[in-house]
Amino acid sequence: MLVLLFDTIALILLLVVVGLPLAAMAMLLTSLPLPIWALWGLAPLWLFVQVCGMSVIALVLNLLIPRLRPGRYPYPLHPQCVSWLLRFAIQRIFHLPVWSNLIYSFASLRWFVLRSQGARVAWNMQTASTMMVLDPSLITVQRDSMLALGTIVIGHYVENGLLILAPVEIGRGVQLMGEVSLMPGVRIGDGSSVGPGTKLLPDVQVGEDVFVGMGCLIQSGVRIADNVVIGHRVVIEASVTIEEGAVIRPGAQLPKGTVVAKGTRY
Amino acid sequence: MTVEALMQQMADWIAEITETEPPVITAETELVQDLGLDSLALAELAAKLRMRYRIKLRPGELQSDLRAGRLAQFVLDRQNA
């Protein structure tokens, strides 16, 4: 029953976010003194305008829906869960294949769409057209950062009947290579880079100028200080601390709770 | 600190990173092509330079010119800036 209710709400949101600007544009186009071939020829422009219109509607809706606060909430009936579900339904509209690649192919459109949903993203961030930012209102991406092909940034997860919401912060000049996953509560400091296929689980904190190799798994609550270098295919279990300037050799496995001292090689 | 002294320091660090004997480095030695350093080794070298000389050295800056002499000069210039 609850699923049907949320599906109905999602459909209404789809009609509002997509239908309203579409209707407005139809009125505009029928009033323009343009031949039919010109209307068709300008179709990509209308799609661009349509996405801008959708973003304006999303902006208004996101102002009306209560702001998300990081925390743990009983799922799905807590007011924060309802807010999250509504915001999630809106952001999913922008991931529909009709326009998602278009959105991420234009810096201005990408910035506007993400900002309209509450994301704090820099104008000059670079992304591939297939990256995915879920929960935009919990995401910060500072200037000069790059999110490559297939990158996924998520601000929520559901566990044991609780919805967990936490911000994800990506600093200045950060490079996330292909298919990197960032879970809720992850923070990456300025100038750091994360290699292809690496997964950072909830609440991982990465300092400044850190290099993380490809194919690593960094589990919950790991703390990585500035200037650390982590080799390829490293597995770091939960609650590990790596102090400044330490080096983790390729293929290493760090058991839960390990502390790697400053400047050492593990 | 001179360029020559910094290049010698880099040679010692490269030996530590690659776990081999210190290479002979001249100003024209290319770190990737001549010494075979990969992205991981370069990241480690950059981390050592940042920590020892307290400078900003982003990954992109390391990829633009990897001749030892120019890198040493770049580090010293940035330290004195």
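Colleague: Before we look at any loops, what counts as a helix or a strand here?
Modeller: Helices are DSSP runs of H or I with at least four residues, and strands are runs of E with at least two, both numbered from the N terminus. Please keep in mind that this is a predicted model.

Colleague: Okay, so where is B:R54 found?
Modeller: B:R54 sits in a loop of chain B, between α2 (39-53) and α3 (59-64). Its phi is near 50°, which is a positive value in a residue other than glycine.

Colleague: And what sign does phi usually have?
Modeller: Most residues other than glycine have a negative phi.

Colleague: Is B:R54 buried or exposed, and why?
Modeller: B:R54 counts as exposed because it has 9 C-beta neighbours inside 10 Å, and the cut-off for exposed is 12 or fewer.

Colleague: Which residue of chain A should I look at for a positive phi?
Modeller: Look at A:S239, whose phi is near 60° although the residue is not glycine. A:S239 lies in the loop between β21 (235-236) and β22 (241-242) of chain A, and it is partly exposed, because 15 other C-beta atoms lie within 10 Å.

Colleague: Changing topic, which peptide bond is cis?
Modeller: The bond from A:Y75 to A:P76 is cis, with omega near 10°, whereas most peptide bonds are trans. A:P76 belongs to the loop between β1 (71-74) and α4 (79-94) of chain A.

Colleague: Last one: how many residues of chain A are in contact with chain B?
Modeller: There are 14 residues of chain A in contact with eight residues of chain B. On the chain A side, they divide into four nonpolar, nine polar and one charged.

Key. Residues are numbered from 1 along each chain as its sequence is written. Chains are lettered from A and ligands numbered from 1 in the order in which they are written. This is a predicted model: local features need pLDDT of at least 70, side-chain atom pairs count only at pLDDT 80 or more; totals for chains, interfaces and linings use all residues. A residue is buried if 20 or more other C-beta atoms lie within 10 Å of its own, exposed if 12 or fewer, and partly exposed in between; C-beta atoms are placed from the backbone. Two residues are in contact if their C-beta atoms, placed from the backbone, lie within 7 Å. Ala, Val, Leu, Ile, Met, Phe, Trp, Tyr, Cys and Pro count as nonpolar, Asp, Glu, Lys and Arg as charged, and the others, Gly among them, as polar.
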